[in-house]
Amino acid sequence: MTDFLATGQLPDEYQQLAKTVADFAKNVVAPVAAEHDANHTFPYEVVSGMADMGLFGLPFPEEYGGMGGDYFALCLALEELGKVDQSVAITLEAGVSLGAMPVFRFGNEAQKQEWLPQLTSGKALAAFGLTEPGAGSDAGGTKTTAKLVGASEATGGGSSGEWIINGSKQFITNSGTDITKLVTVTAVTGVNEGGKKEISTILVPTSTPGFTAEPAYNKVGWNASDTHPLTFADVRVPEENLLGERGRGYANFLRILDEGRIAIAALSVGAAQGCVDESIKYAKEREAFGRPIGHNQSIAFKIARMEARAHTARTAYYDAAALMLAGKPFKKQAAIAKLVASEAAMDNARDATQIHGGYGFMNEYPVARHYRDSKILEIGEGTTEVQLMLIAREAGL
């Protein structure tokens with residue numbers, strides 16, 4: 001990564017990874033994307049293919065079944081997948097950065113040994129239970145509760161206690177598939193000395209009685225991505241299912257979201273570039289008034305602006321990823337990357353649809369799916385307004 005920043009050339013291992021995923025996206029993902037989108041079906045066969053390639057284990061150590069790569073490798077894979085199918089890309093992004101990463105970052109060794117081999121293999125998925133009906137961008141407004149009962153509550157020793165969880169979550173990706181095995185949940189576990197909510201994180205296996213993945217949403221886009229509201233009704237899990245330090249759940253999830261914004265930026269760049277690629281292809285093939293429409297300066301300039309947006313957004317997420325891998329502060333750069341890339345995806349989808357004319361309004365065309373899919377990129381994992389707030393705050397305002 002640092003070599004690239006100095007030379008402008010990605011190291012060979014990154015180039016090879018991007019090429020391998022691009023081939024998979026073209027030959028495996030793209031041919032079935034329209035069908036899964038139209039039928040609102042989860043692409044199990046595609047996810048299985050990604051699992052066989054080791055994509056779910058990219059940024060994790062080999063000792064936990066991972067590929068021994070890094071977060072930038074994941075981003076490159078997301079960019080290539082995002083070019084052809086955002087639903088598939090977000091399935092990978094959520095499975096890794098929101099599903100497995102909290103366990104890797106904050107879990108104890110027993111939790112890592114139990115869950116990471118399943119999640120890094122891609123044979124099981126985990127979900128990230130943060131957002132609630134009354135607490136979207138204001139994640140600190142969590143109302144889901146987890147009460148600790150049992151001997152350890154009174155004595156402070158042993159591990160015989162249980163968490164009893166009650167509440168609900170919404171818009172949770174990968175939460176209701178046949179291979180979803182775990183949901184990481186933020187819940188109020190008490191009140192601290194200052195009177196503020198103590199928010200902790202708890203691991204909930206999906207087989208636990210009282211846990212329900214409610215019927216899937218009918219969404220505008222990402223129709224092949226699995227998204228459900230969740231209900232917790234007296235869900236009981238062992239005390240040792242606490243993930244990380246008690247009371248640090250909110251802070252830990254903010255760290256996960258900072259990283260996830262780089263991943264979403266990479267996905268967004270893929271979507272933006274996919275619109276460029278489809279528009280160039282169409283502009284060369286479609287003829288009007290006796291010549292390809294790409295010969296018209298109005299079309300050529302529109303595509304040139306699309307290319308500039310994608311390039312700028314890619315540079316932004318590369319920069320944020322480089323800082324993260326170097327162990328340097330990256331919160332502001334991650335927010336900038338997410339802001340710039342998500343807007344590039346939406347703007348490029350709009351322009352690509354215009355270039356395609358009536359065909360751009362037909363769902364079987366990739367640009368139509370990008371037009372529907374890209375809007376959520378400006379909302380999910382922190383809205384545009386949240387990114388602006390973070391950037392302003394980091395700038396000292």
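Here are some exercises with worked solutions on a predicted model, covering its pocket, its cavity, some helix pairs and two backbone angles.

**Exercise 1. The largest pocket**

Work out how much space lies in the largest pocket, which residues are closest to its centre, and which elements help to line it.

Solution.
- Start with the volume: the largest pocket holds about 1,100 Å³ of space.
- Next, look at who lines that space. There are 42 lining residues, and Thr 131, Ile 379, Gly 380, Glu 381 and Gly 382 are the closest to the centre.
- Now go up to the level of elements. Two or more lining residues come from each of α5 (86-106), β1 (125-129), β3 (162-173), α8 (249-285), α11 (366-373) and α12 (384-394).
- Which element gives the most? That's α8, with six residues.
- Finish with the chemistry: the pocket lining splits into 23 nonpolar, nine polar and ten charged residues.

**Exercise 2. How α5 meets α8**

Decide whether α5 and α8 are roughly parallel or roughly antiparallel to each other, then find the residues that make the contact.

Solution.
- Take the geometry to begin with: the two axes come within 10 Å and cross at roughly 155 degrees.
- Compare that angle with the cut-off: angles over 145 degrees count as roughly antiparallel. So α5 and α8 are roughly antiparallel to each other.
- Add the handedness: α5 passes α8 in a right-handed crossing.
- Then list the contact. From α5 come Gln 86, Ala 89, Ile 90, Glu 93, Ser 97, Leu 98, Met 101, Pro 102, Arg 105 and Phe 106, while α8 brings Asn 252, Arg 255, Ile 256, Glu 259, Gly 260, Ala 263, Ile 264, Leu 267 and Ala 271.
- Sort those by class and you get eleven nonpolar, four polar and four charged residues.

**Exercise 3. The cavity**

Find how many cavities of 30 Å³ or more there are, and say what lines the largest cavity.

Solution.
- Count them up: there is one cavity of 30 Å³ or more.
- Its volume is about 40 Å³.
- Pro 102, Phe 106, Thr 201, Leu 243, Asn 252, Phe 253 and Ile 256 form the lining of this largest cavity.
- Match the lining to helices: α5 and α8 each supply at least two residues, and α8 has the largest share, with three.
- Check the classes: five nonpolar residues, two polar ones and no charged ones line the largest cavity.
- Here's a nice link back to Exercise 2. Pro 102 and Phe 106 of α5, along with Asn 252 and Ile 256 of α8, are part of the contact between those helices, and these four residues also appear in the cavity lining.

**Exercise 4. Two more helix pairs**

Describe how α2 packs with α4, and how α10 packs with α11.

Solution.
- For the α2 and α4 pair, α2 covers residues 12-39 and α4 covers residues 71-82; their axes are 8 Å apart at an angle of about 30 degrees.
- Angles under 35 degrees count as roughly parallel, so α2 and α4 are roughly parallel to each other. Their crossing is right-handed.
- The contact uses Tyr 14, Leu 17, Ala 18, Val 21, Ala 22, Phe 24, Ala 25 and Val 29 of α2, and Phe 72, Ala 73, Leu 76, Ala 77, Glu 80 and Leu 81 of α4. By class, that's 13 nonpolar residues, no polar ones and one charged.
- For the other pair, α10 (residues 331-356) and α11 have axes 9 Å apart and an angle of about 145 degrees. The crossing of α10 and α11 is left-handed.
- Met 346, Ala 349, Arg 350, Ala 352, Thr 353 and His 356 of α10 touch Val 367, His 370 and Tyr 371 of α11. This contact divides into five nonpolar, three polar and one charged residues.

**Exercise 5. Positive phi**

Locate Asp 234 and Glu 381, and give the phi of each.

Solution.
- Recall the background: most residues other than glycine have a negative phi.
- Asp 234 isn't a glycine, yet its phi is positive, about 50 degrees. Asp 234 sits in strand β7 (residues 227-238).
- Glu 381 isn't a glycine either, and has a positive phi of about 50 degrees. You'll find Glu 381 in the loop between α11 and α12.
- One last link: Glu 381 is among the residues closest to the centre of the largest pocket.

Terms used:
Residues are numbered from 1 along each chain as its sequence is written. This is a predicted model: local features need pLDDT of at least 70, side-chain atom pairs count only at pLDDT 80 or more; totals for chains, interfaces and linings use all residues. Side-chain values use heavy atoms; hydrogens and water are left out. On a 1 Å grid over the protein atoms alone, a cavity is a set of points where a 1.4 Å probe fits but cannot get out, and a pocket is an open set with protein on both sides within 12 Å along at least five of seven lines; lining residues have an atom within 4 Å of a point. Grid points are joined across faces, edges and corners, and a volume is the space filled by probe spheres set on the points. Helices (H or I, at least four residues) and strands (E, at least two) are DSSP runs, numbered from the N terminus. Ala, Val, Leu, Ile, Met, Phe, Trp, Tyr, Cys and Pro count as nonpolar, Asp, Glu, Lys and Arg as charged, and the others, Gly among them, as polar. Axes are lines fitted to C-alpha atoms, for helices over the stretch in contact, and angles run from 0 to 180 degrees between N-to-C directions. Angles under 35 degrees count as roughly parallel, over 145 as roughly antiparallel, 65 to 115 as roughly perpendicular and the rest as oblique. A crossing is left-handed if the near helix is turned anticlockwise from the far one by less than a right angle, and right-handed if clockwise. Contact means heavy atoms within 4.5 Å.
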